[in-house]
Amino acid sequence: VFTPRDDPGCWQLVKWYCQSADGALHQSVSHLLCTHLIMETVFVAARRNLAERHPVHELLDAHFHSSVLVNTSMRQHLMVASGPFPKLFPQGFEGMKQLMHKCNSTWDWNRYHIPDLLRENGTNDAAALPKYYFRDDVLRLWPMVETYVTNLMNLVYSSDADVAADTELSEFARELQIGTTWSNLPM
């Protein structure tokens with residue numbers, strides 16, 4: 001275990017190493033895997049199962065703007081052995097793919113319910129962990145987004161039976177359930 005009490009040069013190297021590892025994880029998993037590749041499968045499932053005027057499609061559509069175009073360009077120019085990814089990431093291209101596959105194998109929709117995630121990883125207590133700006137910001141935004149989506153869906157569905165009777169939504173959810181193993185990510 002290293003602390004700021006260690007030799008200043010050693011402590012600086014430890015911080016750089018940790019920042020490099022955190023950056024590699026963020027770019028490989030949080031950004032590339034979750035933001036681009038997994039969300040592309042959600043986009044495809046929405047396009048295949050929800051009519052353009054379906055309220056869930058309309059709710060999600062703005063989030064998919066240019067996603068397939070960006071992902072296609074990324075696969076052709078960035079995610080190739082001769083592209084910049086192998087040079088940019090300390091784990092190299094193969095290491096990046098292994099990291100994404102490892103994280104992908106345990107991917108779960110429920111991990112993205114932020115209040116639960118903060119509680120699970122012990123970062124929800126502002127007194128114990130002051131100045132954790134992600135938590136502080138997201139907990140201000142989360143209720144607003146949740147209220148907006150809930151109110152919008154309540155305009156469309158008056159009961160759980162209405163949701164269950166929506167065949168388009170059922171097919172969309174079924175395809176996403178099948179895809180939760182994400183074994184065939186578009187890489």
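In this predicted model, Glu-175 is buried, with a relative accessibility of 18%. That value counts as buried because the class covers residues under 20% relative accessible area. The carboxyl group of Glu-175 takes part in a salt bridge with the side chain of Arg-48, at an N to O distance of 3.3 Å. The two partners belong to distant parts of the chain: Arg-48 is in helix H1 and Glu-175 in helix H9, and 127 residues separate them. Arg-48, in contrast to its partner, is exposed, at 60% relative accessible area. The threshold for that class is over 50%, so Arg-48 falls within it.

A second salt bridge was found between the side chains of Arg-174 and Glu-171, with 3.0 Å from N to O. Both residues are part of helix H9, where they stand three residues apart, or about one turn of the helix. Each of the two is partly exposed: Arg-174 has a relative accessibility of 42%, and Glu-171 has one of 35%.

The side chains of Arg-135 and Asp-136 form a further salt bridge, with an N to O distance of 2.9 Å. Here Arg-135 is buried, its relative accessible area being 2%. Asp-136 is partly exposed, with a value of 24%; it is not classed as buried because that class requires a value under 20%. The total for the model is nine salt bridges, among them the pairs Arg-48 with Glu-175, Arg-174 with Glu-171 and Arg-135 with Asp-136.

The largest pocket was examined next. The space within this pocket amounts to about 2,200 Å³. Its lining comprises 47 residues, of which Met-39, Trp-109, Tyr-112, His-113 and Trp-142 are the closest to the pocket centre. Sorted by class, the lining holds 32 nonpolar residues, twelve polar residues and three charged residues.

Several helices contribute to this lining. At least two lining residues come from each of helix H1 (8–49), helix H2 (55–61), helix H3 (67–77), helix H6 (114–120), helix H7 (133–156) and helix H9 (167–178). Helix H1 supplies the most, with eleven residues. Helices H1 and H9, both contributors to the lining of the largest pocket, are also the two helices linked by the salt bridge between Arg-48 and Glu-175.

Technical notes: Residues are numbered from 1 along each chain as its sequence is written. This is a predicted model: local features need pLDDT of at least 70, side-chain atom pairs count only at pLDDT 80 or more; totals for chains, interfaces and linings use all residues. Side-chain values use heavy atoms; hydrogens and water are left out. On a 1 Å grid over the protein atoms alone, a cavity is a set of points where a 1.4 Å probe fits but cannot get out, and a pocket is an open set with protein on both sides within 12 Å along at least five of seven lines; lining residues have an atom within 4 Å of a point. Grid points are joined across faces, edges and corners, and a volume is the space filled by probe spheres set on the points. Helices (H or I, at least four residues) and strands (E, at least two) are DSSP runs, numbered from the N terminus. Ala, Val, Leu, Ile, Met, Phe, Trp, Tyr, Cys and Pro count as nonpolar, Asp, Glu, Lys and Arg as charged, and the others, Gly among them, as polar. A salt bridge is a side-chain nitrogen of Lys or Arg within 4 Å of a carboxyl oxygen of Asp or Glu. Buried means under 20% relative accessible area, exposed over 50%, partly exposed in between (1.4 Å probe, protein chains only).
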